[in-house]
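Q: Could you take a close look at one part of the model below, the contact between the protein chains, and walk me through it? I would like one connected account that I can follow on screen.

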There are 2 protein chains.
Amino acid sequence: MALNVDLARTGHRVTRARRAVAELIDSRSGHFTAAELLDQAHERRLKVGRASVFRALELFAELGALERLDLPSGEHAYVACEPEQHHHHVVCRACGRSVEVEDSGLLSVVSDIARRTGYQIDTHRLELFGLCADCGVAR
Amino acid sequence: MALNVDLARTGHRVTRARRAVAELIDSRSGHFTAAELLDQAHERRLKVGRASVFRALELFAELGALERLDLPSGEHAYVACEPEQHHHHVVCRACGRSVEVEDSGLLSVVSDIARRTGYQIDTHRLELFGLCADCGVAR
DNA sequence: TTCTCAGTTGATACTGAGTATCATTAGCCC
DNA sequence: GGGCTAATGATACTCAGTATCAACTGAGAA
């Protein structure tokens, strides 16, 4: 599977269900919801139980190969990503494609906020939505 | 109602249900979920229908007096806030209290990301989680 | 004050996401 | 191949949020 996840190394079994979910994810370019994945699995007549799809998504997210997004609509979605470092996603609201960006100047913004508010900040989440270069031109 | 929302001015009726929801929100200091509000309404024996609570939350969010948060757990929550300007929330994961922060250096980070990725970014959401000064000390 | 009517309510039923259960299956290591 | 145990998947369930719609009520007009 191209999805960047090494199950064996992390002590998880490589099963049919997990392989199927990873393949479905690989075949997509943008973000996707669990429902979309389930539909797609059904179309392709893959034998994967509903619960197993949710379990695989949860596992992949835990291993950092997938990140969970909250779309502005309130829906939960996922994007495949590199597990190594902390980063954020820029999501195209037209085609759904997303790009990873590293933290760039954000860390100093966060520590500035920590200093000003007295909070000890341990998690942050930045999500950016807009139009990618292609969709922006096409309008 | 102390909640910063002027229904009359925006052409909405001031109804019993909306007043009740606003009062429930005023009585809380931190963020809250719709479910918590519903429970609280029930405890206080307020006559507010389930649907009306959701509708009031939606309306207040639309008017900017409330902001919707996505907690790291995946739950949807709300915080009361000042409707005037764009801002972000720093949420304490122990007591739930939240503080608003203005955009500070974030705008330049966002435009930097836009330049580097070629995306035309029109929405962003920054959520910060950690421990507030009190809860940080108490540990 | 009363009238009027559109905006709003709330009871109910529904949808759809995600989870718990548990007997069965199948990876993985020996 | 055998055995242990993680994982599966069918099913049923919970719970958030929404659609429906008859009944109600807030607010301006008379």
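A: What follows goes from one chain to the contact, and then out along the strands and helices around it.

This is a predicted model, in which local features need pLDDT of at least 70 and side-chain atom pairs count only at pLDDT 80 or more, while totals for chains, interfaces and linings use all residues. Residues are numbered from 1 along each chain as its sequence is written, and chains are lettered from A and ligands numbered from 1 in the order in which they are written.

Let's begin with chain A by itself. Chain A holds 5 helices and 5 strands (DSSP runs numbered from the N terminus: H or I of at least four residues for helices, E of at least two for strands). Read from the N terminus, the elements of chain A follow the order α-α-α-β-β-β-β-α-β-α. The C-alpha trace of chain A spans about 55 × 45 × 25 Å along its principal axes.

Now to the contact with chain B. Chain A brings 34 residues to it and chain B brings 35 (two residues are in contact if their C-beta atoms, placed from the backbone, lie within 7 Å). On the side of chain B that touches chain A, at least two residues come from each of strand S3 (88–92), strand S4 (98–101), helix H4 (106–117), strand S5 (120–131) and helix H5 (133–138). S5(B) gives the largest share of that side, 12 residues. By class, the side of chain B that touches chain A has 17 nonpolar, 12 polar and 6 charged residues (Ala, Val, Leu, Ile, Met, Phe, Trp, Tyr, Cys and Pro count as nonpolar, Asp, Glu, Lys and Arg as charged, and the others, Gly among them, as polar).

How are the two chains related? A turn of 180° with a shift of 0.0 Å along the axis lays chain B on chain A with an RMSD of 0.1 Å (a least-squares superposition on the C-alpha atoms of residues with pLDDT of at least 70 in both). This is the relation of a two-fold axis. Of the residues of chain B, B:Leu126 comes closest to that axis, with its C-alpha at 2.2 Å. The copies meet through the same surface, because 97% of the interface residues of chain B are also interface residues in chain A.

The next thing to find is S5, which is present in each chain. Strand S5 (residues 120–131) of chain A pairs with S5(B) in the antiparallel sense, over 11 bridges (strands pair if DSSP finds at least two bridges between them). A good place to set your view is A:Leu128, which stands opposite B:His124 in S5(B).

From there you can step outward through each chain. In chain B, S3(B) runs parallel to S5(B) and is joined to it by 4 bridges, with B:Val90 standing opposite B:Leu128 in S5(B). On the chain A side, 4 bridges likewise join strand S3 (residues 88–92) to S5(A), and these two strands run parallel. Here A:Val91 has A:Phe129 in S5(A) as its bridge partner.

S3(B) also meets S4(B): the two run antiparallel, joined by 4 bridges. B:His89 stands opposite B:Glu100 in S4(B). S3(B) and S4(B) make a hairpin with 5 residues between them, and B:Gly96 in the turn has a positive phi of about 85°. S3(B) is mostly covered, with 4 of its 5 residues buried (20 or more other C-beta atoms, placed from the backbone, within 10 Å of a residue's own).

Put together, these strands belong to an open sheet of 6 strands with mixed pairing, in the order S4(A)-S3(A)-S5(A)-S5(B)-S3(B)-S4(B). Strand S4 (98–101) of chain A and S4 of chain B stand at the edges, each with a single partner strand, so one side of each is left without a neighbour in the sheet. From one strand to the next the twist averages 20° (axes are lines fitted to C-alpha atoms, for helices over the stretch in contact, and angles run from 0 to 180 degrees between N-to-C directions).

Last come the helices that lie on this sheet. Helix H4 (residues 106–117) of chain A lies across S5 of chain A together with S3, S4 and S5 of chain B, at about 130° to S5(A). H4(B) packs on the sheet too, touching S3, S4 and S5 of chain A as well as S5 of chain B, and its direction makes about 130° with that of S5(B).

Terms used. A residue is buried if 20 or more other C-beta atoms lie within 10 Å of its own, exposed if 12 or fewer, and partly exposed in between; C-beta atoms are placed from the backbone.
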